[in-house]
Amino acid sequence: MEDLMKLIIFACLLFWGKVFAAPVHQNQSGGPEHIVIINSAHPTPPQVAEVLERLALDASHSDVRHVYNNSAFSGFAASMKSHCLNLLANMSDVSIVEQAVAIQRTSIIKRQSSLAYDTRPNAPWGLQSISTVSSVKGSAQAMDYTYSFASSTLGKGADIYILDTGIYTEHEVFGGRASMAWSYDGNMEDVDGHGTHVSGTAAGSVLGVASNAKIFGIKALDADGGGWSSNVVAGIDFVLQAHDARKANRNDFAGSVLSMSLASGSTVQAITTAIEAAVQAGVHTVVAAGNDDKDACESSPSSSGGTAGPAITVGSVGMSGKVSSFSNYGNCVDVYAPGENVISAWIGGPNMVNSLSGTSMATPHVTGIVAYAMGNETLAQNPGLMKEWVRMTALQLEDGTLLANNGVQADEGEGMLGFEKIASRSSFTAVMVKQTNPAWKMPKRATSVLESLMDCRRKAQLHEDMQYLRGGRLCNARRGTVKRALEAVDAVATTISRLLDRLLQPAQRTTLRDDAVLRDMIYESR
């Protein structure tokens with residue numbers, strides 16, 4: 001009997017692990033591709049490798065397409081079946097599990113031609129449109145327009161990342177400033193041409209806005225201009241890592257701009273999250289509104305802009321200043337820019353150009369403006385403040401549309417708040433007096449005297465109306481009635497200041513003098 005008990009105990013020990021051990025999950029290969037974003041707000045967020053291990057996967061597995069691992073967000077994209085999705089659904093440390101969706105560039109293709117740029121110093125109509133208060137007239141195919149700018153730096157020190165179909169870096173307009181930095185499939189060639197066209201408008205010589213900026217191609221779309229949302233998120237992941245590396249070595253670095261001329265058929269939470277993380281990390285992000293003549297809040301990445309998010313969403317206008325018939329619109333759009341019959345660089349040869357239309361063409365105009373405005377360090381370091389500046393310097397048209405402007409407004413030498421056109425200087429003169437608390441992140445705070453000053457000047461420029469000067473609001477308006485009124489107010493203010501010197505405490509006097517200094521700064525270009 002004792003021998004029998006020993007035999008039973010031995011058998012139990014021998015098979016204990018097989019009988020009572022937890023079942024090991026076996027991954028079933030294949031399935032639809034999904035994007036997984038780890039919850040950074042979790043008390044103990046896991047590493048990507050840990051989550052993959054729970055699914056019996058690893059970074060080298062054939063089902064794993066991308067691993068996202070930057071300072072702002074982490075996660076991966078992988079082909080997974082229901083058994084993996086069920087496991088992920090029960091992980092509290094995972095915030096997003098979303099099936100990858102198709103993404104398309106947003107251009108409407110027109111025609112192709114050839115041009116030698118070294119003998120064509122004139123600009124396309126879009127560059128004149130963003131640098132003047134006057135309407136632009138003539139032929140969109142002509143290259144006889146004038147681009148005005150306050151600083152010859154033209155984006156020097158800015159890194160522009162074009163997330164698109166790639167860049168034909170050998171084109172003459174790039175002058176060695178363009179390079180391919182990343183591709184979803186390892187192929188660095190722009191076969192479609194869309195990314196090259198966008199890059200030329202953003203930063204090409206002759207054709208571009210910020211013609212001294214560096215341009216980096218982030219290829220997330222294929223030869224037909226299509227792709228998957230997982231590739232887009234992977235591209236943003238690369239940009240964040242590159243931005244962090246550049247910040248660590250600030251030599252000749254002003255800041256980073258991410259330009260996305262693409263659209264999905266619906267909103268994509270993974271793209272929204274990645275964009276928010278990028279902006280939070282300091283990457284200025286400019287996106288296309290889309291070409292479906294519908295509310296831009298209904299698709300990505302356009303839904304990340306306007307009043308809904310931190311990106312700058314751009315719609316399209318034609319030469320007449322009217323919103324393009326194809327352009328998306330609504331509260332998610334910040335500004336509109338030239339997007340019809342835009343001439344820019346093309347593939348096939350170092351002198352090739354193409355004329356395209358779409359919000360894809362409007363977007364790089366604003367991308368270039370942002371890179372150009374990075375000549376001001378305050379704007380360069382604060383994407384929220386930059387977004388506000390872009391909206392504030394835009395011209396309000398009759399229908400309320402905000403038309404993007406680089407702040408020069410080269411009509412009778414006038415400038416706008418933030419940047420003044422000064423003939424004797426090559427650098428920016430900036431007056432930025434307001435910090436931004438975006439509505440999507442923080443509650444609106446009380447309006448300050450300096451905020452009122454900015455608002456007053458903007459409105460006075462549009463209306464030249466004395467009512468905006470009442471209530472102690474002082475602003476720098478256009479020449480004419482308002483300027484004379486301000487001079488009169490200054491005279492009265494001097495008398496009042498002398499009286500207040502006898503009555504107020506030093507701290508109070510300091511505040512008044514700060515306001516006076518600000519007013520002097522605004523006038524210094526007169």
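Okay, before anything else, one bit of vocabulary: two strands count as paired here if DSSP finds at least two bridges between them. Keep that in your heads, and keep in mind that this is a predicted model.

So, let's use that word "bridge" straight away. Take Ile103: which residue is its bridge partner in S10? That would be Gly227. Ile103 has its partner within a bigger pattern, where strand S5, residues 102–105, pairs with S10 in the antiparallel sense over three bridges. And there's a third strand to add: the order is S10-S5-S12, an open sheet with antiparallel pairing. Strand S10 (226–228) and strand S12 (262–264) are the edges, each pairing on one side only. Going from one strand to the next, the twist averages 35 degrees.

Let me zoom out for a second. The chain has 13 helices and 19 strands. Of its 526 residues, 53% are buried. And if you take the contacts between residues at least 6 apart in sequence, 73% of them join residues at least 24 apart.

Now a pair of helices. Look at H8, residues 359–373, and H10, residues 383–393: they pack at an angle of about 115 degrees, with the axes 11 Å apart. That crossing is right-handed. Who makes the contact? On the H8 side you've got Val366, Ile369, Val370 and Ala373, and from H10 come Met386, Trp389 and Val390. What kind of residues are they: nonpolar, polar or charged? Seven nonpolar, with no polar and no charged ones.

Stay on H10, since Thr393 is in that helix too. Is Thr393 buried or exposed? Its relative accessibility is 1%, so it counts as buried, the cut-off being under 20%. Its side chain has a polar atom 3.3 Å from the backbone oxygen of Asn405.

Last stop, and this one is a loop residue. Asp63 sits in the loop between helix H2 (48–54) and strand S2 (64–69). Asp63 has a relative accessible area of 7%, so we call this residue buried as well. What does the Asp63 side chain reach? The backbone nitrogen of Gly30, at 3.0 Å. And take Gly31: Asp63 is 32 residues away from Gly31 in sequence, and C-alpha to C-alpha the two are 8.7 Å apart in space.

That's my tour: a sheet, a helix pair and a couple of buried side chains. Over to you.

Conventions:
Residues are numbered from 1 along each chain as its sequence is written. This is a predicted model: local features need pLDDT of at least 70, side-chain atom pairs count only at pLDDT 80 or more; totals for chains, interfaces and linings use all residues. Side-chain values use heavy atoms; hydrogens and water are left out. Axes are lines fitted to C-alpha atoms, for helices over the stretch in contact, and angles run from 0 to 180 degrees between N-to-C directions. Helices (H or I, at least four residues) and strands (E, at least two) are DSSP runs, numbered from the N terminus. A crossing is left-handed if the near helix is turned anticlockwise from the far one by less than a right angle, and right-handed if clockwise. Contact means heavy atoms within 4.5 Å. Ala, Val, Leu, Ile, Met, Phe, Trp, Tyr, Cys and Pro count as nonpolar, Asp, Glu, Lys and Arg as charged, and the others, Gly among them, as polar. Buried means under 20% relative accessible area, exposed over 50%, partly exposed in between (1.4 Å probe, protein chains only). A polar contact is a pair of N or O atoms within 3.5 Å; within protein, one must be able to donate a hydrogen and the other to accept it, and residues adjacent in sequence count only if both atoms are side-chain atoms.
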